[in-house]
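Trainee: I would like to take a close look at a single part of this model, and then to see how that part fits with the rest.

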Amino acid sequence: PFRIEVLAESCLNGSSEMVGQLAAAVTTLLFNLSMLRLAGKDGVAAITIMNYLQFLFHGLYIGFSMGTAPVIGYHYGALVSEKKGSASAISECLNKKRLYRIIGLCMRFVLAASAGVFLLSFLGSEMLAGLFAGDSGPVYLLTAGGMKIFSFSFLFSGLNIFISAMFTALSNGKVSAFLSFFRTFVFLTAAILILPCFLGIAGVWLAAPAAEFLAFLLAMPACTCLNNVINA
């Protein structure tokens with residue numbers, strides 16, 4: 001039978017992904033306007049290249065998070081079913097440990113991937129910029145120099161993306177949407193509007209690292225409540 005409450009709960013649980021996509025449209029426009037004002041058409045070309053590279057690197061985090069979310073959700077669902085059923089305390093404890101172990105493995109992978117992506121983007125900034133803008137010219141110089149700053153965002157974005165997806169997998173769409181909204185819209189929009197006023201073009205490049213770092217600080221307290229979410 002058709003159950004409207006299940007559909008509504010599913011939409012709410014996946015709202016963080018919707019928030020992220022809507023915010024991307026707004027923040028991309030703000031990035032372009034800031035660069036157009038500060039560096040003209042060359043600045044817009046440079047930030048566009050950086051956005052392409054960001055989508056490429058974030059694809060690793062998003063793909064991994066979306067791929068592991070069903071595994072986390074499956075084990076969480078099994079744990080919930082055991083609590084409602086007549087499973088033994090030993091079985092419930094084993095499933096809980098398995099769930100924590102899976103989450104721990106995922107976080108360690110994301111941390112390792114974040115370090116790798118950061119090193120690639122920081123040390124290989126000239127090479128990556130050259131793929132889009134040749135090896136000379138103002139667009140190349142803007143992109144290569146800006147990536148040295150922008151690359152620090154990859155140290156935090158992986159965990160931020162995974163933590164949001166993890167809470168979605170744990171059927172806690174409210175926390176996931178809250179984290180996603182502040183990360184992709186509130187912090188990033190504020191950074192784009194404020195930092196260039198004081199730092200110029202460097203402020204535009206610093207906006208993403210600042211926003212990801214603030215989102216990371218916001219996500220850490222949420223992770224400390226993970227035990228309450230799983231045991232709820």
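Which helix gives the most to the nonpolar patch?

Mentor: Please keep in mind throughout that this is a predicted model. Helix H7, which spans residues 173-199, gives the most to the nonpolar patch, with four residues. The patch lies on the surface and is formed by Leu193, Ile194, Phe198, Leu199 and Leu206, which together have about 510 Å² of accessible area. Ile194 may serve as an example from helix H7: its relative accessible area is 46%, so Ile194 is partly exposed, because the range for that class runs from 20% to 50%.

Helix H7 also takes part in a salt bridge, in which the side chains of Arg183 and Glu212 meet at 3.0 Å, N to O. This pair links distant parts of the chain, since Arg183 sits in helix H7 and Glu212 in helix H8, 29 residues apart. Arg183 has a relative accessible area of 15% and is therefore buried, and Glu212, at 6% relative accessibility, counts as buried as well.

A search of the whole structure finds two salt bridges, and the other one makes a useful comparison with the pair on helix H7. There the side chains of Lys148 and Glu126 meet, at 4.0 Å from N to O. Lys148 belongs to helix H5 and Glu126 to helix H4, so this pair ties together parts that are 22 residues apart in sequence. Lys148, with a relative accessible area of 26%, is partly exposed, and Glu126 counts as partly exposed at 37% relative accessibility.

From the surface and the charged pairs we can turn to the interior. The largest nonpolar core has 33 residues, and those with the most contacts inside it are Phe31, Ile47, Met50, Leu53, Phe154, Leu188 and Trp205. Helix H7 is one of the helices that each supply at least two residues of this core, the others being H2 (15-84), H3, H4 (125-133), H5 (138-150), H6 (154-169) and H8 (201-224). The most, however, comes from H2, which gives ten residues to this core. A second, separate core has 23 residues, including Tyr76, Leu99, Ile103 and Val110.

Phe154 deserves a careful look within the largest core. Leaving aside its neighbours within four places in sequence, Phe154 is in contact with Met50, Gln54, Phe57, His58, Tyr61, Ser114, Val117, Phe118 and Ser121. One of these partners, Ser114, is found in helix H3, residues 89-123. Ser114 counts as buried, because its relative accessibility is 2%, and the limit for that class is under 20%. With neighbours up to four places away again left out, Ser114 is in contact with Tyr61, Phe154, Leu155 and Gly158, and Tyr61 thus appears among the contacts of both Ser114 and Phe154.

A last point concerns helix H6, where Ala165 lies. Ala165 counts as buried at 4% relative accessibility, and, not counting residues up to four places away in sequence, Ala165 touches Ser65, Met66 and Ala69. Cys93 offers a contrast to those contacts, for the C-alpha atoms of Ala165 and Cys93, which are 72 residues apart along the chain, are separated by 24 Å.

Conventions
Residues numbered from 1 in each chain as written. Predicted model: local features only at pLDDT ≥ 70, side-chain atom pairs only at ≥ 80, totals over all residues. Heavy atoms only, no water. Buried < 20%, exposed > 50% of the residue type's maximum accessible area, 1.4 Å probe, protein only. Contact = heavy atoms within 4.5 Å. Patch = residues over 30% accessible without salt bridge, like charges linked within 9 Å, V, L, I, M, F, W, Y side chains within 5 Å. Areas by Shrake-Rupley, 256 points an atom, 1.4 Å probe, with all protein chains shown as cover. Core = buried A, V, L, I, M, F, W, Y, C linked by side-chain atoms within 4.5 Å.
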